[in-house]
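Please open the model in your viewer and keep the selection panel at hand. The tour below proceeds from one selection to the next and says what is to be found at each stop.

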Amino acid sequence: MAGALLGSDVPVQTIEPPMAPAPVVPRGDRPAGVEAMDWQTLRQAVADCTACKLCSGRRQTVFGVGHLRAHWMVVGEAPGEQEDIQGEPFVGKSGQLLDNMLRALGLSRRETPPPGGEGSAYDAARQVYIANTLKCRPPGNRNPEPDELAQCEPFLIRQIALVQPRIILAMGRFAVQSLLRSNEPVGRLRGRVHRYQGVPLIVTYHPAYLLRNPEDKARAWDDLCLAAETAAGLAGD
Ligand code: SF4
């Protein structure tokens, strides 16, 4: 229309209004008493959290998923783009790989029993609770920063306390740093049984890493077998 008014040979330049600045989300504190919260209160506290700068870029927080008293707990790193969109940890290709790895051990992240499944396949010993070390996506999937990990850590600690897992799989460098207080690379820590507050903890590669480095899948499978052997030993105690 503007071109017709100006003549067809006159280029029309559209001037975009200047982009509005990103909204500034005020930084706050975590609510007090995280260490005593029940599931519902904890979930809400995470959803409302503005304790670190990652709150300003998230679509939503990514709390955790799975059986609330699962014997197995998987701890990952930070939400990626798909997790930020869907609000669930380990979705997309790395989530499919994790699900395949869990399925190979007879494990599932399903929260509720299938119809008629109570007391059969639906069994806390075969269920997994999955959570990340950070609950909000770092921009551009950059590495988490130390202050962000420190601010978010009490939420994960409380999740572990509520689930009371029999065994923990720590996937990736930042999960290991949080749970074992170690800066050693994953490759040096895997292959043996560590302890987190008395709970056996196995270190392994993050599925996203395995997608980029498929030559390490055999090592990850060894780690899962070690975890399964450890869990079976506990069941026999
Ligand atoms: S990453 Fe954790 S500490 Fe930071 S805003 Fe999100 S929930 Fe709060």
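**First stop: strand S3**

Select residues 128-132, which form strand S3; the strand is mostly covered, with five of its five residues buried. Buried here means under 20% relative accessible area, exposed over 50%, and partly exposed in between, with a 1.4 Å probe and protein chains only. Helices (H or I, at least four residues) and strands (E, at least two) are DSSP runs, numbered from the N terminus. The model is predicted: local features need pLDDT of at least 70 and side-chain atom pairs count only at pLDDT 80 or more, while totals for chains, interfaces and linings use all residues. Residues are numbered from 1 along each chain as its sequence is written, and side-chain values use heavy atoms, with hydrogens and water left out.

Now colour the two faces of S3 separately. In a regular strand the side chains alternate between the two faces of the sheet. Val 128, Ile 130 and Asn 132 lie on one side, Tyr 129 and Ala 131 on the other, and all are buried.

**Neighbours of S3**

Add residues 65-66, strand S1, which pairs with S3 in the antiparallel sense over two bridges. Two strands pair if DSSP finds at least two bridges between them. Val 65 has Ile 130 of S3 as its bridge partner. Next add strand S2, residues 72-76, which runs parallel to S3 and is joined to S3 by five bridges. Here Gly 76 is the bridge partner of Asn 132 in S3.

**The whole sheet**

Which order do the strands take in the open sheet? The six strands are arranged as S1-S3-S2-S4-S6-S5, with mixed pairing. At the edges are S1 and strand S5 (193-196), each pairing on one side only. Strand S4 (residues 167-171) pairs with S6 in the parallel sense over four bridges, and Ala 170 stands opposite Val 203 in S6. Select helix H6, residues 173-180: it packs on the sheet and touches S2, S4, S5 and S6, and its direction makes about 130° with that of S4. Contact means heavy atoms within 4.5 Å; axes are lines fitted to C-alpha atoms, for helices over the stretch in contact, and angles run from 0 to 180 degrees between N-to-C directions.

**Aromatic rings**

Show the aromatic side chains; the structure holds three aromatic pairs. Rings of Phe, Tyr and Trp (its six-membered ring) pair if their centres lie within 6.5 Å; planes under 30 degrees apart count as stacked, over 60 as edge-to-face and the rest as tilted. Trp 39 and Tyr 129 form a tilted pair, 5.3 Å centre to centre with 45° between the planes. This pair links distant parts of the chain, Trp 39 in helix H2 (residues 39-48) and Tyr 129 in strand S3 being 90 residues apart. Both Trp 39 and Tyr 129 are buried. Adding Phe 63 completes one aromatic cluster with Trp 39 and Tyr 129.

Why does the pair of Tyr 205 and Tyr 209 count as stacked? The ring centres of Tyr 205 and Tyr 209 are 4.9 Å apart and the planes stand at 15°, so the pair is stacked. Tyr 205 is buried, with a relative accessible area of 10%, whereas Tyr 209 is partly exposed at 25%.

**Last stop: confidence**

Colour the chain by pLDDT, the predictor's confidence in each residue, from 0 to 100. The chain averages 86, and 82% of the residues score at least 70. Confidence is lowest in helix H1 (residues 2-6), at a mean of 39, and highest in strand S6 (residues 199-204), at 98. Over residues 1-26 the pLDDT is below 50, and this stretch has eight contacts in the model beyond near neighbours in sequence. Where pLDDT is low, the predicted coordinates should not be read in detail.
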